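Colleague: Could you take a close look at the nonpolar core of this one for me, and say how the rest of the chain sits around it? Keep it chatty, but stick to what the model gives us.

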Amino acid sequence: MRLEKEILRYSRLNGYPIDEYAPVVCSCGCRELQLFSDDTEGGAFSICTKCGSEIDIENSKGYMEDTFQNLCQCDNDRMELGVGKSVYPNTHEARWIYVGAQCGKCNLVGVYVDWKES
Ligand SMILES: [Zn+2]
Ligand SMILES: [Zn+2]
């Protein structure tokens, strides 16, 4: 809940407020994930800390060039992730994607990567 609010706040400042929000959950049911992203090209994927599965976020992994692991300010790498989307009016077609995380250790929330869909 806090994470969704933070993504909403961030997206409003960005000029493309989110219309849709969904938490990232591994197929094994685990929500404690590691986040990897490319803030330049715009893309992200996560790895489940329980089963090791890789989760491609919004089919963006193929666009990534430099992969950077996102850590919380407290150095923790296990986070709950959520994806917010701003969509074109009257569609579900995304125009801007935001990936936020809530630290499993210190509870800090933030948007770690966002990109415009083209
Ligand atoms: Zn898993
Ligand atoms: Zn933390």
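Modeller: Sure. The chain has 1 helix and 8 strands, and from the N terminus on they run α-β-β-β-β-β-β-β-β. Keep in mind that this is a predicted model.

Now to the core you asked about. The largest nonpolar core holds 23 residues, and those with the most contacts inside it are Leu35, Leu81, Ile97 and Val99. Two or more residues come from each of helix H1 (2-14) and strands E2 (33-38), E3 (43-48), E6 (79-87), E7 (94-103) and E8 (109-116). E7 gives the largest share, with 6 residues.

Leu81 is a handy one to zoom in on. Leaving out residues up to four places away in sequence, Leu81 touches Val24, Leu33, Leu35, Ser46, Val99 and Ala101. Two of those partners, Leu35 and Val99, are themselves among the residues with the most contacts inside the core.

For the setting as a whole, 32% of the 118 residues count as buried. Among contacts between residues at least 6 apart in sequence, 54% join residues at least 24 apart. The C-alpha atoms fill a box of roughly 40 × 30 × 25 Å along the principal axes. A compact globule with 118 residues would have a radius of gyration near 13 Å, and the chain agrees, with 13 Å.

Then there are the loops. Cys30 is in the one between strand E1 (20-24) and E2. Cys30 has 14 other C-beta atoms within 10 Å, so this residue is partly exposed. Setting aside neighbours within four places in sequence, Cys30 is in contact with Cys48, Thr49, Lys50 and Cys51. Cys30 also sits 9.3 Å from Glu80, C-alpha to C-alpha, although the two are 50 residues apart in sequence.

Two other loop residues deserve a glance for their backbone angles. Most residues other than glycine have a negative phi. Asp75, in the loop between strand E5 (68-70) and E6, has a positive phi near 80 degrees. Asp75 is exposed because just 9 other C-beta atoms lie within 10 Å. Asn107, in the loop between E7 and E8, also has a positive phi, near 70 degrees. Asn107 has 12 C-beta neighbours inside 10 Å and so counts as exposed; the cut-off for exposed is 12 or fewer.

Methods
Residues are numbered from 1 along each chain as its sequence is written. Chains are lettered from A and ligands numbered from 1 in the order in which they are written. This is a predicted model: local features need pLDDT of at least 70, side-chain atom pairs count only at pLDDT 80 or more; totals for chains, interfaces and linings use all residues. A nonpolar core is a set of buried Ala, Val, Leu, Ile, Met, Phe, Trp, Tyr and Cys residues joined through C-beta atoms within 7 Å. A residue is buried if 20 or more other C-beta atoms lie within 10 Å of its own, exposed if 12 or fewer, and partly exposed in between; C-beta atoms are placed from the backbone. Helices (H or I, at least four residues) and strands (E, at least two) are DSSP runs, numbered from the N terminus. Two residues are in contact if their C-beta atoms, placed from the backbone, lie within 7 Å. The radius of gyration is taken over C-alpha atoms; the globule rule is 2.2 Å times the number of residues to the power 0.38.
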